[in-house]
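Here is a briefing on one protein model and its ligand. It starts at the ligand and works outward to pockets, cavities and backbone details.

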Amino acid sequence: MDEELRIDTVRLLRSLNDLGKIGRREGFKGVTRLALSEEDGKARDLLVSWMEEEDLAVTVDPIGNIFGVREGTNPALKPVLMGSHIDTVIDAGIYDGAYGVLGALEVIRRLNEEGIETRHPVGVAAFTNEEGVRFQPDMMGSLVKCGGYPLEKAYERKDDEGVAVKDALRNIGYLGKGKIDPEAYFELHVEQGPVLHKRGVEIGVVEGVQGIAWWRVALRGEANHAGTTPLDMRKDPMAGTAELYAGMLEYVAVKGNALCTVGKLRLEPGAINVVPSLADFTVDYRSYDDATFREGKTEVEKRLGEIAVRRGLTYEKETTADAQPVHFRREMVALVDASAKRRGYSTHRLPSGAGHDAQFMHVICPTAMIFVPSINGVSHSPGEKTEAADLEHGANVLLDCALVKAGVKKES
Ligand code: GLV
Ligand code: MN
Ligand code: MN
């Protein structure tokens, strides 16, 4: 076999740009393809058409995950999957998720072009609702697939307009019945943080993914006049939210190995001269360290309770995601490392700060992730960018890793 088999960067970039045309909105610089929206549906249709052009057998499962599988020489063997997601946050770049899916498709295109046979089938996976912006929890497709969340409960999750996941899946035509049982899973992704770019390293060898906990909180007080209500007579949920957030920012700064974000906030009645009666907000707390993850979650809930009592507020809280820190199997991490080094690429081992479908696929099969640098660490933003050369390096490593697991290449 040709040791120097390489992916076609020009074609990969073209595919990324073509997919990145779907979800453009006036007044926004980036793409918005919220999970199971019309735009997500269009992106899925394009992906499926590309899978069919490569003669892949397309399967959609009950939570809408899409798999396109290329036959292996031994049909009894399970497929080696490569993939990520094609839904996006609001006003996103074109690489987050799409790079992993289209990098995988590019690997398949090269195998087809070269007529390379693999013992195991090899497939592309695009998981439903990785981002969790419209429906929570995030990584919903891989979480349900790995048995970490009941399908029926996922179907009932609703967006802010009251649309349920099952109806949204049906609306875009991706309520499937199929099932795929993978041999292994590889996820290629832009780092989305500053580590690799700062170090000038070509490939990130991902050791694991930090824990992610999400809450939705409705903190309730009493609407009152902004010009007449003395501080000690206020029941102000916005002040409570600000205190919670500032306190948690201080907590994570002292800890040094955790992060906390309030990324969504809505006030009622929402008027300049009215102390609000409601603060409806989200909390995102993360740590790679098991103890810090556990303690920080308790800290959020304890502080919320104390603040509510002291400020005369009431609240309802819902934990909308709770994913433990994950450490990938050593041999899978070593495979990525060795594959990158064999190509002559510089490497650095790191945990992922962002959530990924790999953290749940890890539960059901040997899993690994490959990172490439994000320029200035920017992501979840239209400013997200990765150099073409880095995109090529990452996809070459993906190709090599998949071929090892699929039974073609010798492990280096
Ligand atoms: C997904 O991108 C996340 O880390 O929130
Ligand atoms: Mn992603
Ligand atoms: Mn993302």
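## Ligand 1 and its surroundings

Six residue names matter at the outset: Glu130, Glu131, Arg286, Ala354, Gly355 and His380 are the residues around ligand 1. The model is predicted. Ligand 1 sits in the largest pocket.

**Contacts of ligand 1**

- The shell around ligand 1 breaks down into three charged residues, two polar and one nonpolar.
- Gly355 contributes through its backbone: one of its polar backbone atoms is 2.6 Å from an oxygen atom of ligand 1.
- Arg286 uses its side chain, where an N or O atom is 2.8 Å from an oxygen atom of ligand 1.
- His380 also uses its side chain, with a polar atom 3.2 Å from an oxygen atom of ligand 1.
- How much of ligand 1 does the protein bury? Taken alone, ligand 1 exposes 200 Å², and the protein buries 95% of that area.

**The largest pocket**

- The space in the largest pocket comes to about 1,500 Å³.
- Four strands each give two or more residues to its lining: β7 (211-220), β9 (258-261), β12 (278-287) and β15 (347-352).
- The lining of the largest pocket has 48 residues.
- Which of them lie nearest the centre of the pocket? They are Val89, Trp214, Asp284, Arg286 and His380.
- Two of these names recur from the ligand: Arg286 and His380 are among the residues around ligand 1.
- By class, the lining of the largest pocket holds 19 nonpolar, 16 polar and 13 charged residues.

**The cavity**

- The structure has one cavity of 30 Å³ or more.
- The largest cavity encloses about 40 Å³ of space.
- Its lining is made up of Asp40, Arg44, His85, Ile86, Asp87, Ala126, Phe127, Thr128 and Asn129.
- Which elements supply at least two residues each to this lining? They are α2 (38-53) and β4 (122-127).
- The lining of the largest cavity divides evenly by class, with three nonpolar, three polar and three charged residues.

**Cis peptide bonds**

- Gln136 and Pro137 are joined by a cis peptide bond, with omega near 5°.
- Pro137 is placed in the loop between β4 and α4 (140-145).
- The β4 strand thus appears twice in this briefing, as it also supplies residues to the lining of the largest cavity.
- The peptide bond from Glu268 to Pro269 is cis as well, with omega at about 0°.
- Pro269 is placed in the loop between β10 (265-268) and β11 (274-275).

**A positive phi**

- Asp55 is a residue other than glycine with a positive phi, near 60°.
- Where is Asp55 found? Its place is the loop between α2 and β1 (57-60).
- The α2 helix before that loop is one of the elements that supply at least two residues of the lining of the largest cavity.

Terms used:
Residues are numbered from 1 along each chain as its sequence is written. Chains are lettered from A and ligands numbered from 1 in the order in which they are written. This is a predicted model: local features need pLDDT of at least 70, side-chain atom pairs count only at pLDDT 80 or more; totals for chains, interfaces and linings use all residues. Side-chain values use heavy atoms; hydrogens and water are left out. A residue is near a molecule or strand if one of its heavy atoms lies within 4 Å of it. A polar contact is a pair of N or O atoms within 3.5 Å; within protein, one must be able to donate a hydrogen and the other to accept it, and residues adjacent in sequence count only if both atoms are side-chain atoms. Accessible areas come from the Shrake-Rupley method with a 1.4 Å probe; for residues, only the protein chains shown count as cover. On a 1 Å grid over the protein atoms alone, a cavity is a set of points where a 1.4 Å probe fits but cannot get out, and a pocket is an open set with protein on both sides within 12 Å along at least five of seven lines; lining residues have an atom within 4 Å of a point. A molecule sits in a cavity or pocket if more than half of its atoms lie within 2 Å of its grid points. Ala, Val, Leu, Ile, Met, Phe, Trp, Tyr, Cys and Pro count as nonpolar, Asp, Glu, Lys and Arg as charged, and the others, Gly among them, as polar. Grid points are joined across faces, edges and corners, and a volume is the space filled by probe spheres set on the points.
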